[in-house]
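Me: I would like to go through this structure with a few short questions. Please show it first.

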Amino acid sequence: MRETAGERWGRRIVLTLLTLFVVIPLYVMVTSAAKPLQDVQNGFTWWPSRPTLQPFVDMWSTVPLARYLVNSLVVSSIAAVCSVAVAIFAAFAVSRYRFRGRGVFSVTVLSTQMFPGILFLLPLFLIYVNLGNATGIELYASRTGLVITYLTFSLPFSIWMLVGYFDSIPRGLDEAAQVDGAGPLRILFRVILPAAVPGVVAVTVYAFMTAWGEVLFASVMTDEGSRTLAVGLQGYSTQFNVYWNQIMAASLVVSIPVVVGFLALQRYFVAGLTAGAVK
């Protein structure tokens, strides 16, 4: 069906409004980061009266932003890699094998997403503190403890997503590989994973973003040395002042890893799930 003039203009208007909805907040963030603090605290202006890059310099000394950035990168990356590594094997077993308790396991994994994360906050806190007192293994206020915490709610969803991706891959590929003498692990790494690259990438991005922007657990499970960006940005708000220009500058800087990651991996999101198997 050909698009009418009214439909074409309606589409243009909707897309323009959506673009403005996204672009205007980014523009305000960029211009606020280039303003002196006094200009930000005064009446709003669309353009800085005295453009400056000093907030991008001061933001590193007002709070230990570099340490928070490193903590977030380390914790989010390890949590994403561990979550995907475990989820791949678990999803492969659930998707390709029939075993006793398979249904119970699948329902249990999915049901964990029904509960709000705050329900696990106090139990995890008590487990970490008591475990540290009993064994000397310090999980509270450590990167390791934070990684384990993030695995508790990213791993179940990762398994559930990968099971769906693996189920969409024809089982005939497995049978063809078995005829050639391939074992389970070879089938997984040589047949299933190449065909499920978009799914693995999507799950990895999900696990990374879950850890990168998490605030509740990071605010309780960390101290000054292990604090992440999501909590560390609160340091720009003091008892006597709020450094809005530095907050905007820091927000722009800490968004760079996420933007770069999406730009580097975007081609996988549109790739066919079985593209690697067809070639």
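Me: Which helix holds Thr-108?
Reply: This is a predicted model. In it, residues 102-111 form one helix, and Thr-108 lies within that run. The helix is H5.

Me: Is Thr-108 buried, partly exposed or exposed?
Reply: The relative accessible area of Thr-108 is 43%. Buried means under 20% and exposed means over 50%, with partly exposed in between. Because 43% falls between those limits, Thr-108 is partly exposed.

Me: How far apart in space are Thr-108 and Asp-58?
Reply: In sequence, Thr-108 and Asp-58 are 50 residues apart. From C-alpha to C-alpha, their separation in space is 48 Å.

Me: Are the axes of H4 and H10 parallel, perpendicular, antiparallel or oblique?
Reply: The axes of H4 (residues 65-96) and H10 (residues 197-212) come within 8 Å and cross at roughly 140°. Roughly perpendicular covers 65 to 115 degrees, and roughly antiparallel needs over 145. The angle fits neither range, so H4 is oblique to H10.

Me: How many charged residues are in the contact of H4 with H10?
Reply: On the H4 side, the residues include Leu-69, Ser-72 and Ile-88, and on the H10 side they include Val-200, Thr-204 and Trp-212. The residues of this contact divide into 12 nonpolar and 5 polar. The number of charged residues is none.

Me: Which element of the chain has the lowest mean pLDDT?
Reply: The chain as a whole has a mean pLDDT of 86. Among its elements, H4 has the highest mean, 92. Over residues 272-279 the pLDDT is below 50. The lowest mean, 40, belongs to residues 275-278, helix H14.

Notes:
Residues are numbered from 1 along each chain as its sequence is written. This is a predicted model: local features need pLDDT of at least 70, side-chain atom pairs count only at pLDDT 80 or more; totals for chains, interfaces and linings use all residues. Side-chain values use heavy atoms; hydrogens and water are left out. Axes are lines fitted to C-alpha atoms, for helices over the stretch in contact, and angles run from 0 to 180 degrees between N-to-C directions. Helices (H or I, at least four residues) and strands (E, at least two) are DSSP runs, numbered from the N terminus. Angles under 35 degrees count as roughly parallel, over 145 as roughly antiparallel, 65 to 115 as roughly perpendicular and the rest as oblique. Contact means heavy atoms within 4.5 Å. Ala, Val, Leu, Ile, Met, Phe, Trp, Tyr, Cys and Pro count as nonpolar, Asp, Glu, Lys and Arg as charged, and the others, Gly among them, as polar. Buried means under 20% relative accessible area, exposed over 50%, partly exposed in between (1.4 Å probe, protein chains only). pLDDT is the predictor's confidence in each residue, from 0 to 100.
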